Amino acid sequence: MDYTASQSGFRQQPSTRLRNSSADVSDGSQLFEDMSGSGPGAYSRNQPAGPQAAWYAGQSFLSDPMSSLAMTYGSSLASQGKDMVDKNLDRFIPISKLKYYFAVDTVYVGKKLGLLVFPYMHKNWEVSYQQDTPVAPRFDVNAPDLYIPAMGFITYVLVAGLALGTQNRFSPELLGVQASSALVWLIMEVLLVLLSLYLITVNTDLTTIDLLAFSGYKYVGMIVGVVAGLLFGRLAYFLSLLWCCAAIFVFMIRTLRLKLLSEAAAEGKLVRGARNQLRMYLTMSIAAAQPVFMYWLTYHLIR
Amino acid sequence: MAFTLYTLIQTAILCTNAVAVLHEERFLSKIGWGVEQGVGGFGDDPGVKAQILNLIRSVRTVMRVKVNSQVRMIVTFLLQGVFTGWHIF
């Protein structure tokens, strides 16, 4: 019986193999003491060699030609699959363009967060260019990035879980529900903005990822509001949400004005014409949608 | 309002289906949105209405390439209940 156990231990996975072989070693030590006896004594002389052989074979199973062949084949399959995934993924999600949006550093993040909460003192909102490509966010505080929206989204989901927990309404599925609900609203907002940009035929260099970044900046205000509400009660929630809504409104208008409106209108002169009026309305409605979303996504967290 | 990604996909399918089903001569011409009336503006500023008409026409063209795409979409939508237990209805 111990013999068959050591044989089966030789064929299995390393962890169970080692476990089996250690069990055999302990049984072998017991059989060491039993060696003086009877019938099993003849087998027990081979028994101490058995588990030792199993142990050594467990250490060096890579020298077995079949398994080494299987390992090289498996690794070549894995690298092939990785190449295929890389090639196809680059077609759908432009990885190199995404890298630009994550090229941030601490100073930029700090300045941008301050700008999102207090945009009233900032004078120059233009994105600086370097030979026709926008400068990376590390060097220009006006450039959009995806780091703050991504972190803000994750923090929002966690803070929502915290807020629900203080009301004894928490369960782990609710985290997923909050996350997918916020994500769906984000996607719908970006799609609506894209649709309205198409309908009004605005010639702009705003990409989809830029719009995603701008829509993601409101998570910062939401987190501030919810945390204030958790710490200090409903009045603090409403006050801080009001402040952050006004700040995001001004921020969006000042940022989008440069991108959507024509040159003359962006500088403050009133330019008549149906097109510019439509563009102004579009800018206003995009900026006004942000506070609405901020309230909609957080009011059920503070009761 | 607990939206899920699944409801988003459903909404997208239903909206695309609705745009694909708009009949040209029975409906759009009656309210003055026919194809022959929308292509006029080649100038600098097509206008919102022309853009909407272009959008509807292009969605319909893309959908018509596949045969009976409407039937396909409705079948997809209804068959999801088989796998997920009819929780939508």
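The following exercises treat aromatic contacts in a predicted model. Local features require pLDDT of at least 70 and side-chain atom pairs count only at pLDDT 80 or more, while totals for chains, interfaces and linings use all residues. Side-chain values use heavy atoms, with hydrogens and water left out.

**Exercise 1.** Determine how many aromatic pairs the whole structure holds, and classify the pair of A:Tyr120 and A:Trp243.

*Solution.* Rings of Phe, Tyr and Trp (its six-membered ring) pair if their centres lie within 6.5 Å; planes under 30 degrees apart are stacked, over 60 edge-to-face, and the rest tilted. The search over all chains yields 14 aromatic pairs. For A:Tyr120 and A:Trp243, the centres are 6.1 Å apart and the planes make 75°, hence the class edge-to-face.

**Exercise 2.** Locate A:Tyr120 and A:Trp243 in the chain and state their exposure.

*Solution.* Helices (H or I, at least four residues) and strands (E, at least two) are DSSP runs, numbered from the N terminus. A:Tyr120 lies in the loop between helix 7 (106–117) and strand 1 (129–130) of chain A, and A:Trp243 in helix 12 (residues 234–260), 123 residues apart. Buried means under 20% relative accessible area, exposed over 50%, partly exposed in between (1.4 Å probe, protein chains only). Because its relative accessibility is 30%, A:Tyr120 counts as partly exposed; A:Trp243, at 43%, also counts as partly exposed.

**Exercise 3.** Describe the pair of A:Phe153 and A:Tyr219.

*Solution.* This pair is edge-to-face, at 5.5 Å centre to centre with 70° between the planes. A:Phe153 belongs to helix 8 (residues 147–166) and A:Tyr219 to helix 11 (residues 218–232) of chain A, 66 residues apart. Both A:Phe153 and A:Tyr219 are buried.

Key
Residues numbered from 1 in each chain as written. Chains lettered and ligands numbered in written order.
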